[in-house]
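Reader: Please take me through one helix packing contact in close detail. Then turn to the charged pairs.

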Amino acid sequence: MSEFWLISAPGDKENVQALERMNTVTSKSNLSYNTKFAIPDFKVKFLGRSEKRMDCLIRRMAQSVVEVMEDSKGKAQEHLLANGVDLTSFVTHFEWDMAKYPAKQPLVSVVDTIAKQLAQIEMDLKSRTAAYNTLKTNLENLEKKSMGNLFTRTLSDIVSKEDFVLDSEYLITLLVIVPKPNYSQWQKTYESLSDMVVPRSTKLITEDKEGGLFTVTLFRKVIEDFKTKAKENKFTVREFYYDEKEIKREREEMARLLSDKKQQYQTSCVALKKGSSTFPDHKVKVTPLGNPDRPAAGQTDRERESEGEGEGPLLRWLKVNFSEAFIAWIHVKALRVFVESVLRYGLPVNFQAVLLQPLKKSSTKRLREVLNSVFRHLDEVAATSILDASVEIPGLQLNNQDYFPYVYFQIDLSLLD
């Protein structure tokens, strides 16, 4: 499962023993994989910040990776990494980044640092995705012109200079759409539809499911008469006059847009500047509960940068800054647990945070029952409300289903759902 439960309980002897009992029960019953979630001691100054904007940013960035990859959407998850490892590994191996977010600073300063960092990423994301979407829209509009039927599609990629009589004062070449069942009739009658039609001047240029595009050369002064007679015979003259410069411009525009769009994803001519929006080289570690042999994983930014060579600038930017935003997001989750634990359990700061990963969707109810049983002594009213949703907790404005005897936050890594 990609869902995690981040909980905390007071760090006194009684609750440490309760945590050990919880770990024993959940491990034996195969309910969850549990790891300690280390949170440093902060200088406490309480504050209130909404996580919704940050949650939305993380999901928008993940979705942007999917959109940029297009035909390779199935591989998008491979690019959603944090500090060079998959998201599950990062969360279960979490270690506070003291260099980036010093714990000795007041809590408000740490949060402001994260908020400014994410605001810059959000602003850059808007501008970069807007530019990409404009490019994509322009390309789609051109592609639509080349995908329609013979009545509507562009002809710049079909016709050639050799198909037309050009630079003649008297003659002109027209393009006529003829239904497939009427090919024989066209060949027999086109020369007599009007006076001054050049004999044997018709040629089939291309065809689709419904009909074909034919050329015919005639004198300019009989154009209108020819159009009228053609229409009477279910032949349609396509309004098109060969302009070599315009056709060249349209072809070059299509090629340029295709190249620009492809570069955003596949080939990068503009490398990310060294030191921009990246983390210092370090690896994450884990202190497991019940599974001490589980290996730690990590990767430096230098290694990640070399792996990213050959990727387009937008995809590379998304990968690097998704990692940065995700890491900041998990740090905010840690801050929320810290603040809520101090509010709930009081000072001096003394609590233990644990990250639980339910192993099966079907086991979440049983896991909640185990936690309720182990920690009900922390808040009997909250424990009762879990079993009876009609019980109101005085002073609590949340739905009872969201409040438990222990501090609880959910971390949902299903960002592409």
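Author: **Helix packing and salt bridges**

Helix 1 (residues 13-28) packs with helix 11 (residues 364-375) at an angle of about 155°, and their axes are 9 Å apart. An angle over 145 degrees counts as roughly antiparallel, so helix 1 is roughly antiparallel to helix 11. The model is predicted. The crossing of the two helices is right-handed.

Which residues make the contact? On helix 1 they are Asn 15, Ala 18, Leu 19, Arg 21, Met 22, Val 25 and Thr 26. Helix 11 brings Leu 367, Val 370, Leu 371, Val 374 and Phe 375. By type, the contact residues of helix 1 and helix 11 divide into nine nonpolar, two polar and one charged.

Now the charged pairs. Side chains of opposite charge can pair when their charged atoms come close. The whole structure holds 15 salt bridges. Here are three of them, one by one.

Take Glu 122 and Arg 53. They form a salt bridge, with the closest N and O atoms 2.8 Å apart. Glu 122 sits in helix 5 (residues 107-145) and Arg 53 in helix 2 (residues 52-69), so the pair ties together parts 69 residues apart in sequence. Buried or exposed, what is each partner? Glu 122 has 9% relative accessibility, so the residue counts as buried. Arg 53 is exposed, with a relative accessible area of 57%.

Next, Glu 244 and Lys 161. The closest N and O atoms of this salt bridge are 4.0 Å apart. Glu 244 belongs to helix 8 (residues 244-265), while Lys 161 lies in the loop between helix 5 and strand 5 (171-179), so parts 83 residues apart in sequence are tied together. Both partners are partly exposed: Glu 244 has a relative accessible area of 44%, and Lys 161 has 42%.

The third pair is Lys 227 with Glu 224. Their salt bridge also has its closest N and O atoms 4.0 Å apart. Both residues are in helix 7 (residues 223-232). They are three residues apart there, so about one helical turn separates them. Lys 227 is buried, with a relative accessible area of 18%. Glu 224 is exposed, at 54%.

One network remains. Arg 53, Arg 60 and Glu 122 are joined by salt bridges that share partners. Arg 53 and Glu 122 are the pair with closest N and O atoms 2.8 Å apart.

Conventions: Residues numbered from 1 in each chain as written. Predicted model: local features only at pLDDT ≥ 70, side-chain atom pairs only at ≥ 80, totals over all residues. Heavy atoms only, no water. Axes fitted to C-alpha atoms, helices over the stretch in contact; angles between N-to-C directions. Helix = DSSP H or I, 4+ residues; strand = E, 2+ residues; numbered from the N terminus. Parallel < 35°, antiparallel > 145°, perpendicular 65-115°, else oblique. Left-handed = near helix turned anticlockwise from the far one by under 90°. Contact = heavy atoms within 4.5 Å. Nonpolar A, V, L, I, M, F, W, Y, C, P; charged D, E, K, R; others polar. Salt bridge = Lys/Arg side-chain N within 4 Å of Asp/Glu carboxyl O. Buried < 20%, exposed > 50% of the residue type's maximum accessible area, 1.4 Å probe, protein only.
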